[in-house]
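Biologist: Please put the model up. I have some questions about its pockets and one sheet.

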Amino acid sequence: MIRGSVHLTLLMGPVVPIPAPRIVMDALNSVTVTHSAGSASGFQMTFSFESSSQLNTIFMLVPALSSTVVTPPLRVMLIVTMNGIPTPLFDGVLSNVQVSGGQSGSAGSITVTGDDLTKVMDKQEFDGLPYPAMPIAARVALICAKYAAYGIVPVPIPEIFLEVPIPVDKIPAHEGTDLEYINKLATDVGHVFYIEPGPAPGVNIAYFGPEIKTGVPQPALNYDMGPHTNVESLNFTFDPTKGVLPIVFIQNQLTRVPIPLPIPNLNPLQPQLGAVSSSLNNIKLMKNTAKMSPGKALSAGLAEAAKSQDNVTGTGSLDVLRYGRILKARQLVGVRGAGVAYDGLYFVKSVTSTIKAGEFKQSFNLTRNGLVSITPKVPV
């Protein structure tokens, strides 16, 4: 897994992983890692083995032992070193092993699949655990603190309309597993929750907060620019009918009459990146918000308004060595050479990294809320 200045390191072990043995690295054929906004990350590794290889026994015993309550799951960490700088590519746990036997003297294969560290938060239920007088951000921080052994550092962002439950009125209680409860809290206030590896190997950021589409952009993706081209393919689509105006309902506590309230897309954390946005052709009635508090209802409406405005999507692929760095999901990136309508800044919705002997490639999905960039220049 070495080509030029790129080197892949595989670490495996319960809770604290260690470098994989030589027999495992020699049999490794390919690695695929997917990071996507809005869903959990995952990996897949493919190994080749002979009938006498010990790999079959190793990978079949590990998930069987990890399925017990007392045995921690097998942690898998992938680190890519480019130009002498180690970058965590993935940190998660093994969840599935598939074995395909070889025929006619050909080698068999083992496919190992895993999920990010949110998987370890979805094993044990804690129904009824009380959180008296604790705002949502404090609850998330307390829950994530239990997983400090996995290098998880919680970064909870308070909701826009902060509410602290008064114990004499209501004491919030845990529902389901830690992951289920945090995802429920995120849905209630229009936030997202994910665990991202980095910035250093062995450290993971557990982010709970609004989807942020601002920040320092990654180097530009150059298309059809001669010697400056650094992408292999890049295609765009524009959907002018995607605009949605969400209407939330706030219930009057005295009359119990729901009051409709339209929510415009005015989110400073998700600024307008294109000059020509979608017209509001659709109206979405969010009737379930009538059961929420006014703050939670408004937060859910703002999240829905921001999500529905991404009418420009782009898909493509690149060679990491030519691009010069690893493209990361959930961040901004510039695009050049695609024309006036599609040049500019985009939000990286998802990235799939594929590593094989002699190559490191990525496929990606981009989104933006309008045509014609309002940014005059993008970082090269």
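Biologist: By class, how many nonpolar, polar and charged residues does the lining of the second largest pocket have?

Modeller: This is a predicted model, where local features need pLDDT of at least 70, side-chain atom pairs count only at pLDDT 80 or more, and totals for chains, interfaces and linings use all residues. Residues are numbered from 1 along each chain as its sequence is written, and side-chain values use heavy atoms, with hydrogens and water left out. Ala, Val, Leu, Ile, Met, Phe, Trp, Tyr, Cys and Pro count as nonpolar, Asp, Glu, Lys and Arg as charged, and the others, Gly among them, as polar. The split is 12 nonpolar, 3 polar and 11 charged.

Biologist: Which element gives the most to the lining of the second largest pocket?

Modeller: Elements supplying at least two residues each are α3 (136-144), α4, β14 and α5. Helices (H or I, at least four residues) and strands (E, at least two) are DSSP runs, numbered from the N terminus. With 4 residues, the top contributor is α4.

Biologist: D188 lies in that helix. Is D188 buried or exposed?

Modeller: D188 touches M292, K296 and A300, leaving out residues up to four places away in sequence; contact means heavy atoms within 4.5 Å. Buried means under 20% relative accessible area, exposed over 50%, partly exposed in between (1.4 Å probe, protein chains only). At 14%, D188 is buried.

Biologist: Which residue is the bridge partner of L245 in β17?

Modeller: Strand β14 (residues 244-251) runs parallel to β17, joined by 5 bridges. Two strands pair if DSSP finds at least two bridges between them. In β17, the partner of L245 is I283.
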